[in-house]
Structure formats: structure tokens, C-alpha cells
Amino acid sequence: MEDSNVFIDALDRLRRIGEQTGIPTEVIDALARPKATLSASLPVRMDDGSRGYFEAYRCRYNDALGPTKGGIRFHPEVTIDEVRALALWMTLKCGVVGLPYGGGKGGVIVDAKDLSRLEIERLSRAYVRAMADFIGPDVDIPAPDMYTNERIMGWMADEYQTIKRVHAPDVITGKPIVLGGSLGRSEATGRGAFIVIQELAARKGLTPRETTVAVQGFGNAGYHVARLLHQEGYHIVAISDSKGGIYSDAGFDVESVYQRKQESSELHGVYCEGSVCNMVEHDRITNEELLELDVDILIPAALESVITSENVDRVKAPYIAEVANGPISGDVDTKLFDRGTVVLPDVLTNAGGVTVSYFEWVQNRQGFAWDLEEVRNRLASALIDAFDAVWQIATDEGLSLRSAAYARALRRIGEQVEAQGTRAYFGNAAEE
Ligand code: NAD
């Protein structure tokens, strides 16, 4: 799919589900365009003395339910439309969980792997210098996304506070603990996905020890969900990163794959040294092959639009848990539903990240830190409540879980639109 189609595809899906679930057109109209998007060219001093320029975006999509919230992505394929699509999905995600936030997102066109650590620090600070009047603890609160992490959030928070001459750790979430981060934030997206998958497994009668899983993307989100599923007894038979994947019938010990990846930084190098190499057989596979494996649960946890009309007929997994944002293109939703493939939608499955980001923001504003158990318990309760509500809507109304999740979010946003007064309200008033 062309990058520029991601946002159009997201809007098409929004309209289609809006019609299907009886959402008033005034609500869909309110969500059919981002409230504001800032683009900037970031000048960055490179290590060789030259000045590099990087295109950057921040979108505050919709703030009906609170300040906008969403990650910042560093990736060579970032586009303004991708940022808008991701910001729309954040709006829906916050609505599904019932967080007092709207949706936002940011991105920089850069291959972070080509930059030195010092260059990444300068780029991160340059992003905040450009966006300092556009973000803020009560306006728009960034967080990590692909190829951004805790350390980068720490630099960004520091730059914001330096510019504003205030102590405002609540401007950004996903920070290092010592700079006001929350315990449990780094694992939150993966843990949230794990909780949601467990809820589905309980309803479908899946037994972990008899369930195989393939995970595309072994970054923050993919690693933690794979780790927790493995701990629970699921067989993680395939894992991939941007360079390719590995497959083993016997299943991988996720923690040792992670440790080896940290050392070699290449996934296919993980079983090629020392005793582990001799103990575990594996085959190399491509990312495309991973998506088509005959596994029970497929977890795309990297980029969007990896399952499209081009390959959907070859995707065999009966369950797909969208840990990435937008991994399935909208035009295959109906086909998947009709053939009985159960999709755990991104706006629910990966909502653990923004949920604990919200907890971090709350803790920062209270000046009080919660312990890990409290964070985990609150996360579990928020996501189980959201899952139950989505499941109920899907069952009662005969909808896919995605349509049900959208319905829940759109009805919540609809209440805000209604409270402000709709055409029906003002039209009646004019007639009185
Ligand atoms: P990350 O940067 O930590 O990891 C990304 C992973 O994807 C890496 O392992 C990378 O090698 C792999 N990857 C990159 N391109 C790939 C490709 N073409 N094929 C296969 N793998 C590829 O990023 P992350 O934070 O784990 O984010 C992953 C996904 O989860 C994104 O869609 C992101 O929007 C979504 N997400 C993340 C969070 C969060 O809190 N981190 C929250 C919600 C959603």
C-alpha cells in the first residue's frame, strides 16, 4: 500500500464502521480531519560538522475527551499521512479504554540506525524546540513509538523544561524512572497485549501449551508480549525483526533470544554461537513467510499495512493480535470477519502503552510514585474492563471485535459531541 493511502484507508474504515454501528454523521464528521498538524524542518549539527535537516511532524488529531496523547516515531518511511492515521487511531484507542485523552502522534523522517548517539540526542532536542509551543502537559503529551525509547523521552522532557523554565515531567511519558517515568511503562504495551490475548484465550478455550504463536517485530512491544506469552506456556515458534525472522517447531526461549539479540543486534545471529546454537534448531524465514505460517496466533508488532488484499488469502492463523498500529489494511476487514478469523484490534490490543502512559502522567501531576504492583493491577483492570465491554458489544450486535471497539470509542466521543449540541438540538431550539 502507498504510504499516502494509510490515512485515506483509516478514514474509509472509520466511515464504514460508523455506518455499520449507527454512529451519527456529526461524530464521524468531527473525526474526519485532524484538528491541527505542525510540520517542521529540524536542523541538526552532525558529527562531521555539517548540518543535517530532518522533516518532522506532530498532529493533534482530536481533543474532545482531553489533551491529545501519542508517540513519536523515528523512521525513514514516516509521512504526514501516516502520522495523521496514527493520531486518529490514538483518538479511538483512548476512547476504547476510557482515558481522559484525545489522540495525537508525531514522527521524524530519519533512519535512526544511521545516526550516532550524539546526533540522536541533538535530533530529539531539535524536535522539541520546534514543537515546544504545540505540545504541553495540558495540550498534547508525546511518548515513545518505533525507534524512540526511554532515553529519547528523557532528552525531550529535559529540552521542554529547559525552554519553558519549569519542572514539567508530565509533558512526556515513557521517561526513565529517575526522570519521572512510571514503573511498568516499558513493558506496558506488551503486557496489555498479553492480558487481552489471555482474555480471548479464556473465551475461546485456548490452552497455552497447545497454542503456537508467531511474532513479527521484536522491539519493545513484540519482545514483551512474546516474553509474557512464553512464560505462560505458549509456544513462540517464530520471531522476526527488520532483517528477517527465525522459526523453530519446538518454540523459542524468548528471553535468551532477546539476550542474544542485544549482544549481536541481529536476530538470525541469536542461535549461532555457543551452546544455545547447538541446542536449538531453527530455520531462517522472511517477514512475509512469517505472516503466512500455520500458527494459532499471529502477532504483527512492527509496521502498518502488512496484511493486505495481496497476501490475506495466504494468512492462515485463526487469531491475529494487532500489537502494531494498523497492520491490517481496512479493505480486508470484512473478508477476515466473514471467514471467521478473529482479529484483536490495535485500538484495544496495544492500548496498554497509553494506559500506563496515563498512569505516568497522573503520578507526575500528583508528585507521587506508585509501586509496580499497583501499576500492573490498574492496567489489568482497565484492559479487562475494556475487553469485556468490547466483547459484549460484539456479541450483542454481531460485530467483529474491531467494529465493536470502534463503536465503544465512537459512542463515547459521540456523547461529547451531543453534549456540545448537535443539529437536532439546535434545529429543535430554533423551531420552539
Ligand atoms: P521498536 O522500535 O521498539 O521495535 C520495532 C521492531 O520492529 C524492531 O524489532 C524492528 O527491527 C522491527 N521492524 C522494523 N521494521 C520491520 C519490518 N519491515 N518487518 C519486521 N520487523 C520490523 O517499536 P515498538 O515501540 O515496539 O513499536 C512496534 C509497533 O507497536 C508499532 O506499530 C507501534 O506503533 C506499536 N505500539 C507501540 C507502543 C509502545 O508503547 N512502544 C504502544 C502502542 C503501539
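Cysteine 59 counts as buried, since its relative accessibility comes out at 0%. In this predicted model, cysteine 94 is tucked away too: its relative accessible area is 0%, so cysteine 94 is buried. Being buried does not bring the two sulfurs together, though. The closest cysteine sulfur to that of cysteine 59 belongs to cysteine 94 and sits 13 Å off, which is too far for a bond. Seen from the other end, cysteine 94 takes part in no disulfide, and its nearest cysteine sulfur is that of cysteine 59. The cut-off for a disulfide is a sulfur pair within 2.5 Å, and the structure as a whole holds zero disulfides.

As for the overall fold, the protein has 16 helices and 12 strands. A compact globule of 432 residues would have a radius of gyration near 22 Å, and the protein has 21 Å, so the value agrees with that expectation. Along the principal axes, the C-alpha atoms fill a box of roughly 80 × 60 × 45 Å. Burial goes well beyond the cysteines: 59% of the 432 residues count as buried. Looking at contacts between residues at least 6 apart in sequence, 69% of them link residues at least 24 apart.

Then there is the surface. About 18,000 Å² of the protein is exposed, with carbon and sulfur atoms supplying 48% of that area. On the charge side, the protein carries 45 positive and 64 negative charges, and the mean positions of these two sets lie 4 Å apart.

Definitions and conventions
Residues are numbered from 1 along each chain as its sequence is written. This is a predicted model: local features need pLDDT of at least 70, side-chain atom pairs count only at pLDDT 80 or more; totals for chains, interfaces and linings use all residues. Side-chain values use heavy atoms; hydrogens and water are left out. Helices (H or I, at least four residues) and strands (E, at least two) are DSSP runs, numbered from the N terminus. The radius of gyration is taken over C-alpha atoms; the globule rule is 2.2 Å times the number of residues to the power 0.38. Buried means under 20% relative accessible area, exposed over 50%, partly exposed in between (1.4 Å probe, protein chains only). Contact means heavy atoms within 4.5 Å. Accessible areas come from the Shrake-Rupley method with a 1.4 Å probe; for residues, only the protein chains shown count as cover. Lys and Arg count as positive and Asp and Glu as negative; His and the chain ends are not counted. The place of a charge is taken as NZ of Lys, CZ of Arg, CG of Asp or CD of Glu.
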